[in-house]
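Visitor: I would like a close look at one part of this protein, the surroundings of the ligand, and then at how that part sits within the rest of the chain. Please take your time over it.

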Amino acid sequence: MFTGLVEGTARLASVSRHAGGATFTFEAPFLMDDLHIGDSIAVNGVCLTAESVSHGAFTATAIPETLRRTNLGGLQPGERVHVERAMRADARFGGHIVTGHIDGVGHVADVYPEGEARVLVIQVDPSLARYMVDKGSVAVDGVSLTIMRAERDRFSVSIIPHTQSVTRLGEIRRGETVNIECDVIAKYVERLVSYRSHEASGGIDAAFLARHGFLR
Ligand SMILES: Cc1nc2c(=O)[nH]c(=O)nc-2n(C[C@H](O)[C@H](O)[C@H](O)CO)c1C
């Protein structure tokens with residue numbers, strides 16, 4: 001589990017693509033004081049496992065499904081990614097609950113300045129946008145952000161100077177693809193409400209289970 005307070009950016013040193021997916025080597029010397037083989041680490045918001053850690057770098061593998069559903073598949077050596085180690089139980093919990101499971105990608109549709117901030121307008125599928133509300137939470141490439149405005153197929157966020165300086169969101173351009181994790185609380189609420197309304201109208205049968213993915 002993560003908070004969306006990313007710790008900084010790591011540089012992709014190399015990538016090896018193979019039948020099992022892609023194995024990335026990221027340079028991140030600032031993580032080395034407490035990163036061990038087997039630890040979870042969020043890379044652009046995607047929860048991966050550190051497979052080796054040495055000389056200021058770690059390696060992690062993304063399976064084909066992860067490459068299809070996130071922006072990791074398009075990464076090229078030299079690019080920078082957001083990194084965050086798993087949250088500690090004894091630390092302050094800034095940001096919001098981020099699981100590292102990406103719901104889909106969004107596309108940066110517009111970028112414009114507003115005072116000291118940088119507003120990003122991000123286009124997403126309505127199936128993702130439905131979990132967003134004004135002043136709610138969203139993780140964009142792993143960065144916990146407050147939604148300024150939520151619409152049917154897009155939302156906007158305002159990037160404050162601190163976030164611009166410690167993440168890539170200060171330099172991101174129109175057309176780039178970003179990983180989106182919707183607020184997990186919204187997803188649980190939707191699921192519970194759909195069960196409740198079904199129970200009110202007659203209980204659980206085979207058709208109900210199939211509709212909700214429990215039967216094929
Ligand atoms: C909730 C939240 N909202 C915003 C926001 O709307 N705009 C912004 O620029 N930064 C926000 N942050 C802080 C970032 O998550 C934090 O600066 C980065 O993850 C780097 O640690 C947070 C935690």
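Guide: Helices and strands are here DSSP runs, of at least four residues for a helix and at least two for a strand, numbered from the N terminus. With that naming, and bearing in mind that this is a predicted model, strand β11 gives the most to the shell around the ligand, namely 4 residues. The shell counts 17 residues, and those that come nearest to the ligand are Leu5, Ser144, Thr146, Ile160 and Thr163. Two or more residues of the shell are supplied by each of β11 (143-150), β12 (154-159) and α3 (161-166). In character the shell is mixed, since 8 of its residues are nonpolar and 9 are polar, while no charged residue is found in it.

To place this site in the chain, one may turn to the domain assignment, which gives domain 1 as 8-85 and domain 2 as 104-188. The C-alpha centres of these two domains lie 22 Å apart, and 13 residues of domain 1 are in contact with 13 residues of domain 2. On the side of domain 1 that touches domain 2, the elements giving two or more residues are β1 (8-18) and β7 (80-85), and the largest share, 3 residues, comes from β7. That side of domain 1 divides into 2 nonpolar, 8 polar and 3 charged residues.

The nonpolar interior also involves both domains. The largest nonpolar core has 44 residues, and those with the most contacts inside it are Val43, Val83, Val138 and Val140. Strand β6 (residues 57-62) contributes the largest share of this core, with 4 residues. Because domain 1 (8-85) and domain 2 (104-188) both give residues to this core, it lies between them. As for Val83, its contacts beyond the neighbours within four places in sequence include Val6, Glu7, Gly8, Ala28, Leu31, Ile41 and Val43.

Finally, there is the database record to set beside this picture. An unreviewed UniProt entry carries the annotation "repeat: Lumazine-binding" for residues 1-96 and 97-193. In the model, residues 1-96 are 6% helix and 43% strand, with their end C-alpha atoms 10 Å apart, whereas residues 97-193 are 21% helix and 43% strand, with their end C-alpha atoms 21 Å apart.

Key:
Residues numbered from 1 in each chain as written. Predicted model: local features only at pLDDT ≥ 70, side-chain atom pairs only at ≥ 80, totals over all residues. Core = buried A, V, L, I, M, F, W, Y, C linked by C-beta atoms within 7 Å. Buried ≥ 20, exposed ≤ 12 C-beta atoms within 10 Å, placed from the backbone. Domains from an automatic or database assignment. Contact = placed C-beta atoms within 7 Å. Near = placed C-beta within 6 Å. Nonpolar A, V, L, I, M, F, W, Y, C, P; charged D, E, K, R; others polar. UniProt positions renumbered as here; feature names shortened; annotations may be inferred.
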